[in-house]
Amino acid sequence: MTDTGSGHVEALTAAVAQHVRALRNARSWSLDELAGRSGVSKGMLVQIEGARTNPSIGTLCRIADAFGVTVARLLEPAEERTVRISDGQRAPLLWQGGSGGLARLLGGLNDPDFVELWEWRLNPGEAHTSAEHAPGTRELLHVLTGTVTVTVDATDHVVPTGHTIEFRADRAHGYRNDGDAPVRLVMVVVMTTGEFDRRSSASS
């Protein structure tokens, strides 16, 4: 989890720690149980619950999938609001590429459906790969500028400016910029309800 303001990072780290601990306790799971379900090591979970580390986007996704919630749920402030207006520049950066690209979680809904809204920027040569999400998860990407290559199940799909791609994200997938121009896109992630145990997935 990356952000430019240290105070904002500390607040996000504290929010993640609070939510992970509360969600785990509500299910009466031990750290070992959460580690098994999520595929995140017990040592890393101890660091996260102690607000001593900024977990990566992949780690947050695995934990969120295990609990059956969105990544946004792990990052949201504790207070309830009927209406929330968020500054996109203050949205958490959950991935940064080596050439200045980024993935920013603009917002998310946890009720009645699980939905996340992302902004992605990929500069030439940058790429991000993702493990499978919970069963039934779908992603919808719309390319604002540039051309992005989306890989799903080892098959490449080239998506140019102004085009939209929708695919099942409960399998290995990734995004990369093979062109000479920056790529900017918005992504909607729609998740099914229910917890995801990676141990069951690995054995099936």
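Mentor: Let's start with accessibility: buried means under 20% relative accessible area, exposed over 50%, and partly exposed in between, with a 1.4 Å probe and protein chains only. This is a predicted model, in which local features need pLDDT of at least 70 and side-chain atom pairs count only at pLDDT 80 or more, while totals for chains, interfaces and linings use all residues. Residues are numbered from 1 along each chain as its sequence is written, and side-chain values use heavy atoms, leaving out hydrogens and water.

Trainee: Why is Arg199 called partly exposed?

Mentor: Its relative accessible area is 38%, and partly exposed is the class between 20% and 50%. Glu33, at 24%, counts as partly exposed too.

Trainee: What makes Arg199 and Glu33 a salt bridge?

Mentor: The term asks for a side-chain nitrogen of Lys or Arg within 4 Å of a carboxyl oxygen of Asp or Glu. Here the N to O distance is 3.0 Å, so the pair qualifies. Arg199 sits in helix α6 (residues 198-203) and Glu33 in helix α2 (residues 31-38), 166 residues apart. Helices here are DSSP runs (H or I, at least four residues) and strands are E runs of at least two, numbered from the N terminus. Both residues also belong to a salt-bridge network with Arg27, Arg37, Glu195 and Asp197.

Trainee: How many salt bridges turn up in the whole structure?

Mentor: The search finds 18. Another of them joins Arg184 and Glu119, with the closest N and O atoms 3.3 Å apart. Arg184 is in strand β10 (residues 183-191) and Glu119 in strand β3 (residues 114-122), so this pair ties together parts 65 residues apart in sequence.

Trainee: Is Glu119 buried or exposed?

Mentor: Buried: its relative accessible area is 6%, and the cut-off is under 20%. Arg184, at 34%, is partly exposed.

Trainee: And what makes Asp178 exposed?

Mentor: Asp178 has 51% relative accessibility, and exposed means over 50%. Its salt-bridge partner is Arg176, at 2.9 Å, N to O; Arg176 is partly exposed at 25%.

Trainee: Why are α2 and α4 called roughly perpendicular?

Mentor: Helix α4 covers residues 57-67, and its angle with α2 is about 105 degrees, with the axes 8 Å apart. Roughly perpendicular covers 65 to 115 degrees (under 35 is roughly parallel, over 145 roughly antiparallel, the rest oblique), so the label fits α2 and α4. Axes are lines fitted to C-alpha atoms, for helices over the stretch in contact, and angles run from 0 to 180 degrees between N-to-C directions.

Trainee: Which residues meet there?

Mentor: With contact meaning heavy atoms within 4.5 Å, Leu34, Arg37 and Ser38 in α2 meet Arg62, Ile63, Ala66 and Phe67 in α4.
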